[in-house]
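Visitor: I'm new to this structure and would like a close look at a single part of it. Could you pick one helix and walk me through what surrounds it?

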Amino acid sequence: MYGRWAAARIDFSRYRLTRQRVLVVSALLLAVAAAVTAIQFSAASGLLLPNGAVIGGDYIAFYAAGQAALAGDAAQVYDPAAFEAMLRDIAPLRERYGLTWQYPPTYFLLLAPLAFLAYAPGYALWTGASAAGFLAAMRGAGMKGLFLFVIVAAPSAFHAAITGQNGFLTGALLAVAALYPDKRPVAAGLAAALLTVKPQLGALIPVAYLAAGCWRAFGVAAAGALALAALSAIAFGPETWPAFFEGLRAASDSLGAGLMPLYKMATPFAGARLAGLPVEAAAAIHLVCALAAMISVGLVWRRVRDAELRAAALVAGVFLVAPYGYYYELIVLALPVALLVRRAMEKGWLPHEQTLITLAFLLPLLTPGEPRRVGVAWGLVVVLVVAASVVRRIAHEQKGAFDLPFLRFASAASRPPAD
């Protein structure tokens, strides 16, 4: 019995990511995604899909916020009751949305123009333009041909598109901010400044810039962020900022109380809570992961000159620091994964690296999963696989990149004195 089972096992040591296999799997995934989307949209009743979800998912929140901002009611968006009423004005057939608004007022600068369009054209423009920007950023990183096709076909790309979320936008901004602080500091700094529309995803950028001495990019990012904040206060009213901080406090309380959808998240805190750990233990685990990510990114940006390895380290650590991040934002990890694949093709694969890359590509198929209070946060598994793969690749190519002086001192002190 054991012999037959052993003979039937997959020999992962012979596993190969050939061009033909990658192309076939990606084409199948893209075809299935297109078919599912077409069937769902064709069966929609108004803006509602057969399962009760809204066409474009969370885009309805962006659309409502843009309308409110244009009408001079931006501060009201942070009031959950008022925001619920705005959503029901757009699609009244749904009984309840239960969405809250936690974005800073700077985001209104991007959303207000959407109010000039009807819902469907706005969703198409929002998703199409942000996806095009993300692919342009990936192309700027040297990804062409099959690389871009695989990214388009990735399950994480489908989630970003079907939910109408901003994963493509933040992915493009992260890519530019992470890749070009040395060669194009103004572009990188402006991208970092624009990323303040979703500040939790840019928390590692100051760490990286300061560690590498990218002072010009850091200055442009700081000045740009302040300018955007001032412009938003002028355009939409200074009262929007106190309302934002109050909404942020309420969101933090909801996260700690487990009222937010933890099963949709990809952060250490959410993963620990979903595993059944208490709030205090989950917060401690998240803090350890965040510190590890900050130290690792600081070391890489301080010691490694390779821009691609720097960028991979920064983006791979985003979800380990962010207090919350959702499955539909996993598309931002396409940059470090693509960089790893290209380097492996040029320099040789590490043992089991192809398997880890395949897991990072396919595991988003399991997200978001069914609503549950205890289980596995598959989004976090993807994050950990990518982060571990990036650290392993950097450690392989850059010996001593993660050495810590106090560890070397402790090791030397523990050795017995020479005779």
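Guide: Here is a walk along helix α18, followed by a residue in a helix that covers it and then some aromatic rings. This is a predicted model, where local features need pLDDT of at least 70 and side-chain atom pairs count only at pLDDT 80 or more, while totals for chains, interfaces and linings use all residues. Residues are numbered from 1 along each chain as its sequence is written, and side-chain values use heavy atoms, with hydrogens and water left out.

Let's start with α18, which covers residues 334-347. A helix here is a DSSP run of H or I with at least four residues, numbered from the N terminus. The 14 residues of α18 reach 20 Å from the first C-alpha to the last, close to the 20 Å expected at 1.5 Å a residue; that expected span is 1.5 Å times one less than the number of residues. Eleven of the 14 are buried, so α18 is largely enclosed by the rest of the structure. Buried means under 20% relative accessible area, exposed over 50% and partly exposed in between, using a 1.4 Å probe and protein chains only. Among the buried ones are P336, L340 and R343. The cover over them includes α6 (119-140), α9 and α20 (378-397). Just after the helix, G348 takes a positive phi of about 105 degrees.

Now for α9, residues 167-179, where T170 sits. T170 has 1% relative accessibility, so it counts as buried. A polar atom of its side chain lies 3.2 Å from the backbone oxygen of G167. Leaving aside neighbours within four places in sequence, T170 is in contact (heavy atoms within 4.5 Å) with L195, K198, L201 and V332.

Helix α6 brings us to the rings. The structure holds 25 aromatic pairs. Rings of Phe, Tyr and Trp (its six-membered ring) pair if their centres lie within 6.5 Å; planes under 30 degrees apart count as stacked, over 60 as edge-to-face and the rest as tilted. Y63 and Y119 have ring centres 5.4 Å apart and planes at 85 degrees, so this pair is edge-to-face. It links distant parts of the chain, with Y63 in helix α3 (residues 59-70) and Y119 in α6, 56 residues apart. Both Y63 and Y119 are buried. By contrast, W101 and Y107 have centres 6.0 Å apart and planes at 15 degrees, so they are stacked. W101 and Y107 are buried too, and they belong to a cluster linked by ring pairs, including F62, W126 and F245.

Key. Helix = DSSP H or I, 4+ residues; strand = E, 2+ residues; numbered from the N terminus. Polar contact = N/O pair within 3.5 Å; in protein donor to acceptor, adjacent residues only side chain to side chain.
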